[in-house]
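Student: I keep running into labels like "salt bridge" and "buried". Can we go through a structure and check how such labels are earned?

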Amino acid sequence: MRSVVPGHPFVFQVRVAEGRGLRRAADDLADVLEDRPVQITYANQGAPAILGVVEDCTQSDAEHLIGRLQRLSVAHPYVKVTLAGYGTDLPPTVLEDGRFTLFGDRYRGFCEPDMRR
């Protein structure tokens, strides 16, 4: 059994462009999250969105989630994934079509081990 290393909350939002459905992306998001305990909130203000919070997320879990959310944004190009960052290691950014809109080098450096999988 893996020991739990205290971490930071990992916060993300999956939002769709106007006129697009969230259902397909939400089904794939369930696969991204695997069996990880996560708080999910659904909002429909402007454009439908899912807000997720993973409490006590370790760095390796954050690396893994960012890589999987990046692949989700490639699979669903009408989706924007907003990342709140990770502790003091990463600033907030947005993933669109697999690309980080800001701080891409920092995210790629942080996630390098997982992105090779």
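Here is a short chat about some of the labels used for this predicted model.

Student: Let's start with charges. How many salt bridges does a search of the whole structure find?

Tutor: Six of them. As a general idea, side chains of opposite charge can pair when their charged atoms come close.

Student: What makes E34 and R68 a salt bridge?

Tutor: Check the distance: their N and O atoms are 3.7 Å apart. The cut-off is within 4 Å, so the pair passes.

Student: Where in the chain do those two sit?

Tutor: The pair links distant parts of the chain, 34 residues apart. E34 is in the loop between α1 (23–33) and β2 (39–45), while R68 belongs to helix α2 (residues 59–75).

Student: Why is E34 called partly exposed?

Tutor: Its relative accessible area is 41%. Partly exposed covers what lies between under 20% (buried) and over 50% (exposed), so E34 lands in that middle class.

Student: What about R99 and D97: how do you know that they form a salt bridge?

Tutor: Same kind of test. Their N to O distance is 3.9 Å, and the rule asks for within 4 Å, so the label holds.

Student: Are R99 and D97 buried, partly exposed or exposed?

Tutor: R99 has 56% relative accessibility, and exposed means over 50%, so R99 counts as exposed. D97 has 34%, so D97 is called partly exposed.

Student: Which residue does D105 form a salt bridge with?

Tutor: R108, with the closest N and O atoms 2.8 Å apart. Both lie in helix α3 (residues 104–115), three residues apart, which is about one turn of the helix. D105 is exposed because its 64% is over 50%, whereas R108, at 40%, is partly exposed.

Student: Which residues do salt bridges with shared partners join into one network?

Tutor: E34, R36, D61 and R68.

Student: Now T93. Why is T93 called buried?

Tutor: T93 has 4% relative accessibility, and buried means under 20%, so the label fits. You'll find T93 in strand β5 (residues 93–96).

Student: What does T93 touch?

Tutor: Leaving out residues up to four places away in sequence, T93 touches several residues, including V81, L83, F100 and Y107.

Student: And what makes T93 and L102 a polar contact?

Tutor: The side chain of T93 reaches the backbone oxygen of L102 at 2.7 Å. The cut-off is within 3.5 Å, so that distance passes.

Methods: Residues are numbered from 1 along each chain as its sequence is written. This is a predicted model: local features need pLDDT of at least 70, side-chain atom pairs count only at pLDDT 80 or more; totals for chains, interfaces and linings use all residues. Side-chain values use heavy atoms; hydrogens and water are left out. A salt bridge is a side-chain nitrogen of Lys or Arg within 4 Å of a carboxyl oxygen of Asp or Glu. Helices (H or I, at least four residues) and strands (E, at least two) are DSSP runs, numbered from the N terminus. Buried means under 20% relative accessible area, exposed over 50%, partly exposed in between (1.4 Å probe, protein chains only). A polar contact is a pair of N or O atoms within 3.5 Å; within protein, one must be able to donate a hydrogen and the other to accept it, and residues adjacent in sequence count only if both atoms are side-chain atoms. Contact means heavy atoms within 4.5 Å.
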